[in-house]
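User: I'm new to this one and would like to know how its descriptions are justified. Could you take me through the reasoning?

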Amino acid sequence: MIECKGVTIGYPEKTICKNISFSIKKGEYVCIVGENGCGKSTLLKTVLGLHKPLKGKIAFEKSFNKSSIGYLPQQTEMQKDFPATVKEIVLSGFLGKKKWYVPFYTRQEKAKCNTIMTELGVAEFANKSFKELSGGQQQRVLLARALCSSDELLIMDEPTNNLDSKSIKLFYKLIAKLNKENGITILMVTHDLDKAIKDVTNVLYLKDELKFAGTRDAFCASEYAKLFGVEEE
Amino acid sequence: MKRFFVICAFCGVMFLSGCGAVSVDHDLTNKKASMVYTIVTNMNSSPSAYANKSYKINGDIEGSLGYYSLIVFDDTNCCSAELALVLDNGVTCPKKKTNVTVIGEYVQIDGQYCLKVTKIS
Amino acid sequence: MNIFEELKYYFQFDFVKYAIVVGILISLCCAMLGVTLVLKRYSMIGDGLSHVAFGAMSVAMVLTIADMYVMLPVTIVVAILLIRLTNQGKVKNDSAIAMLSVGALAFGYLIVNIFSTSSNISGDVCTTLFGSTSILTLNNFDLWLCIILTIFVLGYFIFFHNKIFSVTFDEGFSKATGVKTAVYNNIMAMIIGVVIVLAMKLVGSLLISALIVFPALSAIRLFKSYKSVIIFASIISVINSIIGILVAILWGTPVGSTIVIINIIAYFICWCVEVIIRETRKA
């Protein structure tokens, strides 16, 4: 689905990570791990087209529609105070696919939005203000927005930052369900690999370059596993 | 007899007060200076909308030898607008040129709009 | 003469009717733009641009050409540059804007003093900076330009309401999911330039920020959804401007400052209402 060949990421003044080559197949649940500053977020943004790679190429499967990507970015300070209802935020997930001359949401889009919100358990907050929700609820709202944008690929950047451990568990359970039952491909940057590990299918480890790219089991058996608390028993 | 004199006196007073109070279409003497300034500015930029009506305005007179203009200031005294004046027959420019009241009709004379002044006080 | 009779007297003049109509349109534009600028923390850009517009107007005054011909292109170009540089992180918001702001103001005042042939320079400058009577002395060209431009701006805000929301709330998400954020940012920059130039006619260059910031802040205090914030900001902005113009007409106060003071009072009232609602909800 996504093919990454010899990619170097970073900024014009500074290379962060080089020689990244991997491919992601449909239905996989891929985690990107590494220390702070090793370029995980930058890699995600490069895959999404928000950054240009310094070298190399990122290609999507031909049949894949690039506007059908679900993205769950890290929350900014500004969003925590933004006056917006949950429904307004979730509906905005459809905008990437709409033509510019169709500015208003159709009935189908509103119905799909309701379905997704119900599935994620945030339908009861539809008309509540986003800033009044708890961290876990907010992340589910943003996840609903990402799902409105795509039901094939979900790209997430440290989605469990600022969540308490109970919310983290619930969140990973939700992601696992979306991956297994709905067949959504997941690409996620995470700091708590140990909490998600049992449903993950592939792991990418970045440190100046791509140090590991392989299956979950291979990662747990490798020398890096203990850095993340996922050694095999 | 007495009643006749009272009625005469009454009529006389009415007549005289009527003489003093000339009725104009626009009496700008009791309006705020900024609005007078605004109205005069608009009179200069779109004169046709204001033409053929009579006005009573307070201001300072400038000019001499038949070419006069009335200067009005806004409330802050920083902006001023100028209204071209033409004195009607029999009207002369007073010695004291500041804070005068002019009454006249805004008309077009020789292609130019100006206030044809019928009374200055 | 009581207030209603006085107002009735003034309303027979066309310039008063035009002032109210244009005032309403400009306030609507400022309110809608203000919500976006306040939420994106770009309010200082509006302030800086208004000083640039003053500098451009000074150039127009010196060259004795209609001010719109210089102000609109210059302000739009600077707006696009500023927004682009800020988005790319190449420019630290506050210091660069501060430099541009005072530079343009000083440049404008200097050239007006050296080169202008007008008889009353302080008066012209004062009117441009503080908007004492400019909305009441619009010429035909300014009037129609204001009306046409504001209708376009309002149309854009209404038609693209959802896209503007998405780009403002989360530009990264919007861009990643296929929204052409660069186009919307450039259009927004152009609109900022246009609205700033038009608002100068209403409240003067130094006070434009108030028209942009206060209605948005008042609305954000009271309302939770983006749509209701935009609607309420528009309504309160229009009401404030109408009251401001009428008060200025009746009591001879400068229009710009009057409108700003009324905006401040309205913001204070909204704040009190918010506190009252919060306390009664707790109880």
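User: What makes chain C and chain A count as being in contact, and how many residues does each give?

Analyst: This is a predicted model, and the test is whether C-beta atoms lie within 7 Å. By that test, 24 residues from chain C meet 25 residues from chain A. On chain C's side, α8 (161–169), α9 (171–176) and α12 (226–251) each supply at least two residues. Sorted by class, that side of chain C has 12 nonpolar, 7 polar and 5 charged residues.

User: Where do chains A and C rank among the pairs of chains in contact?

Analyst: There are 2 pairs of chains in contact, and chains A and C share the most contacts. Chain B touches chain C too, with 17 residues of chain B against 17 residues of chain C. Helix α2 (residues 33–45) of chain B gives the most to chain B's side, with 9 residues. That side of chain B holds 7 nonpolar, 7 polar and 3 charged residues.

User: How do you know what to say about chain A and chain B?

Analyst: Their closest C-alpha atoms lie 41 Å apart, and no contact joins chain A and chain B.

User: Which part of chain B has the lowest confidence, and which the highest?

Analyst: Helix α1 (residues 2–20) of chain B is the lowest, at a mean pLDDT of 62, while α2(B) is the highest at 91. Over chain B as a whole the mean pLDDT is 83, with 86% of its residues at 70 or more. Here's the rule to keep in mind: where pLDDT is low, predicted coordinates should not be read in detail.

User: Why is α2(C) called largely enclosed?

Analyst: A residue is buried once 20 or more other C-beta atoms lie within 10 Å of its own. In α2(C), 21 of the 26 residues are buried, so the rest of the structure largely encloses this helix.

User: How do you know the length of helix α2 (residues 14–39) of chain C fits a helix?

Analyst: At 1.5 Å a residue, its 26 residues should span 38 Å, and its end C-alpha atoms are 38 Å apart, so the two agree. After α2(C) comes C:R41, with a positive phi near 60°. α12(C) can be checked likewise: its 26 residues reach 37 Å from first C-alpha to last, close to the 38 Å expected. C:G252 follows α12(C), and its phi is positive, near 70°.

User: What makes a set of residues a nonpolar core, and how many residues has the largest one here?

Analyst: The members must be buried nonpolar residues joined through C-beta atoms within 7 Å. The largest core has 187 residues, and those with the most contacts inside it are A:I155, C:C29, C:A53, C:I192, C:V195 and C:A199. α2(C) provides the largest share of this core, 17 residues.

User: Why is this core said to lie between the two domains of chain A?

Analyst: Domain 1 (1–64 + 152–233) and domain 2 (76–146) of chain A both give residues to the core, so it lies between them. The centres of these domains of chain A, taken over C-alpha atoms, are 25 Å apart. Their contact takes 8 residues from domain 1 of chain A and 5 residues from domain 2 of chain A. Helix α6 (residues 165–181) of chain A gives the most to domain 1's side, with 4 residues.

User: Which residues does C:I192 touch, leaving aside its neighbours within four places in sequence?

Analyst: C:I192 is in contact with C:L33, C:I45, C:G46, C:L49 and C:A79.

Terms used: Residues are numbered from 1 along each chain as its sequence is written. Chains are lettered from A and ligands numbered from 1 in the order in which they are written. This is a predicted model: local features need pLDDT of at least 70, side-chain atom pairs count only at pLDDT 80 or more; totals for chains, interfaces and linings use all residues. Ala, Val, Leu, Ile, Met, Phe, Trp, Tyr, Cys and Pro count as nonpolar, Asp, Glu, Lys and Arg as charged, and the others, Gly among them, as polar. pLDDT is the predictor's confidence in each residue, from 0 to 100. Domain bounds come from an automatic or database domain assignment. The expected span of a helix is 1.5 Å times one less than its number of residues. A residue is buried if 20 or more other C-beta atoms lie within 10 Å of its own, exposed if 12 or fewer, and partly exposed in between; C-beta atoms are placed from the backbone.
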